[in-house]
Structures are given as structure tokens and as C-alpha cells.
Amino acid sequence: MSVVTHSESTSPAVDLRAYCARIGYSGPLTPTLETLAALQELHPAAIPFEAIDVLLDRGVDLAPAAVDAKLLGARRGGYCYEHNGLFKRVLEAIGFEVEGLIARVNWMAPPDAPLRPPSHMTLRVTIDGEAWMVDVGFGSCIPTAPLRLDSTEPQQTGHEAFRFVPVAGELQLEALIEDEWRTSYRITGAPQLDVDYELPNWYTATHPSSHFRHRLIVTRTTPEARHVLAGRRLTVRAPDGMIERRMLTADEIERELAERFTLPVAPEWRPVIERAAATED
């Protein structure tokens with residue numbers, strides 16, 4: 001039987017110099033709201049959201065060394081457990097008080113849709129006694145600024161406004177998109193230990209019902225726009241509401257992965273790209 005020897009209140013260390021170089025941050029490494037906001041804006045612009053390893057049946061290794069080798073060393077992207085697991089370690093190394101949370105994803109689902117199991121990792125950061133939610137791993141609609149957890153008022157970011165709505169003992173995050181409040185996810189339960197994400201990660205990466213098993217989804221959020229590739233559909237949504245949509249061929253998908261999403265496209269990705277190009281939408 002294995003024994004966890006490190007404290008569950010702090011995760012294994014991270015190379016802050018390598019992380020800051022990866023996201024292009026050169027500011028102070030102090031546990032302030034200003035530092036947190038700067039990191040949260042830069043992270044999704046530099047490190048894309050993607051789950052290509054899931055489509056390749058490789059699974060997703062959440063060991064810190066594996067995540068760092070992939071997202072920092074190999075300049076790949078990842079999905080929520082990789083992004084927010086890395087971000088949690090970065091924040092702890094700087095000196096922030098940070099806890100992992102878990103949420104039920106109901107993005108784009110109707111209000112009466114059945115509840116889904118908790119499967120999304122997000123974070124709570126406490127600064128001077130005030131709790132903020134930060135998330136760098138929700139793909140196409142991540143908040144690009146810290147959000148106060150004790151407020152139900154709309155909170156503006158560089159892209160959409162967000163708000164929290166208490167629902168049945170959980171805290172529902174909603175985004176204002178095209179003048180309509182749309183649900184992102186519902187935060188549920190107590191803070192999570194690092195090990196608590198192993199089971200939902202296994203489910204998300206391997207279960208036949210996981211949408212990551214069936215569809216190419218890659219996103220990158222910059223101050224100028226949200227860039228979303230879903231199957232063969234590329235959507236670019238600017239903060240002012242302007243939207244551009246295009247359907248791509250396999251060669252165009254490969255080019256966008258390399259250029260727009262800054263990924264090191266490998267030859268073994270080609271079957272995944274061709275399946276995406278053959279989808280209906």
C-alpha cells in the first residue's frame with residue numbers, strides 16, 4: 001500500500017521560472033490580487049485547452065512531473081485537471097492560500113437537464129480573508145479574472161460578465177453571453193485533496209460517455225478573442241460580441257492547431273484531425 005508523504009495542504013513544487021517564461025509573465029511573484037489577476041489572464045492565452053491525448057487513447061497522467069513535462073516542457077495544452085493542478089502548484093509556490101474544488105459541468109444544458117456527476121476542477125484562493133474563484137481550465141468560457149465567491153452580483157471580466165447563483169446548496173457559475181445568462185458549472189462540496197481528482201480524471205479520460213472521447217476540442221483565450229475549435233468548426237468570439245465561424249478541412253485544422261493554438265502538431269495526430277474534419281458540424 002502506498003503512502004502519501006507530502007502534505008495534502010501543499011502540492012509538489014513547480015519551476016516558477018519555467019512557468020513564468022511559458023506564459024510570458026515578468027511581474028512580481030507576490031501573493032496579491034494584482035499578481036493573481038495577471039497570471040489568470042496570461043495562462044489561457046499561452047497554454048491552450050486540449051484533450052488530444054484522450055482521443056489518442058493515451059489517458060491523462062496527473063503526476064506533477066508529467067503535467068510539467070507536457071504543459072511546460074513540451075509546450076502542449078491540457079484539460080482542467082492539468083491546467084488547474086499546475087496553476088494550484090504555481091499559486092502555492094508564490095505563497096497564496098489555495099484550495100481545489102470540484103464542480104458539475106452543465107455548460108449549455110437546459111435548466112431542467114439532469115445533474116451530471118462532479119467532473120471539473122476549479123480553485124478557491126483566499127487573499128486577506130476574501131475568497132476568490134480562479135479557473136484556467138474550462139476551455140471556451142473560462143473567466144479571465146478572479147471572481148469573488150461571496151457575491152451574487154455580475155462581475156465583469158475582459159470578456160463576459162459572470163455571476164454566482166446559489167442553487168440547492170451549490171454555487172452555480174453563469175456567464176452573460178449574447179444578453180443571456182448561461183450556466184457553466186455548479187461548485188459542490190468541500191475542498192478536494194489532490195488525490196480526489198484521480199477518479200474523475202480517469203472517468204473523463206476513459207469512459208465511453210465522456211465527450212472528450214469523441215470530439216476534438218481545443219481552445220485558447222487571449223485578451224483579443226476566444227478561439228474555439230470544436231470538431232471542424234472554428235469559432236472566434238471577440239469581447240465586443242463579434243463572432244466569426246468557419247468550417248475547416250483536415251489540412252486547415254492541422255494548420256490552425258499549429259498557428260492559432262500554438263501546439264506542436266505531431267504526425268500521430270493526423271487520424272484525430274481527419275476524424276474531426278469528417279464531422280457534421
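Which residue of E12 does His 227 stand opposite? Val 236 is the one, and the first view below shows the setting.

This is a predicted model, where local features need pLDDT of at least 70, side-chain atom pairs count only at pLDDT 80 or more, and totals for chains, interfaces and linings use all residues. Residues are numbered from 1 along each chain as its sequence is written, and side-chain values use heavy atoms, with hydrogens and water left out.

**View 1. Strand E12 pairs with E11 and with E13.** Helices (H or I, at least four residues) and strands (E, at least two) are DSSP runs, numbered from the N terminus; two strands pair if DSSP finds at least two bridges between them. Strand E11 (residues 226–230) runs antiparallel to E12, joined by five bridges. Two residues separate them in a hairpin, and Gly 231 in that turn has a positive phi of about 65 degrees. On to E13 (residues 243–247): five bridges again, also antiparallel to E12, with Arg 237 partnered by Ile 243. This hairpin has five residues between its strands, and its turn holds Gly 241, with a positive phi of about 95 degrees. Four of the five residues of E12 (residues 233–237) are buried, meaning under 20% relative accessible area with a 1.4 Å probe, protein chains only (exposed is over 50%, partly exposed in between).

**View 2. Helix H5 is largely enclosed by the rest of the structure.** Of its 15 residues, 14 are buried. The end C-alpha atoms of H5 (residues 80–94) sit 21 Å apart, which agrees with the 21 Å expected at 1.5 Å a residue (1.5 Å times one less than the number of residues). Right after H5 comes Gly 95, with a positive phi near 120 degrees.

**View 3. The largest nonpolar core has 40 residues.** Such a core is a set of buried Ala, Val, Leu, Ile, Met, Phe, Trp, Tyr and Cys residues joined through side-chain atoms within 4.5 Å. Tyr 19, Tyr 79, Leu 86, Phe 87 and Leu 91 have the most contacts inside it. H5 gives the largest share of this core, seven residues. Tyr 19 touches (heavy atoms within 4.5 Å) residues including Leu 39, Leu 72, Leu 86 and Phe 87.

**View 4. Helix H8 lines up its buried residues on one face.** In H8 (residues 270–277), these are Val 272, Ile 273 and Ala 276. They fall within an arc of 100 degrees down the axis, so they line one face; the arc is that of the directions from the helix axis to the C-beta atoms. Their cover includes helix H3 (52–55) and helix H7 (250–259).

Technical notes:
Lists of a residue's contacts leave out its neighbours within four places in sequence.
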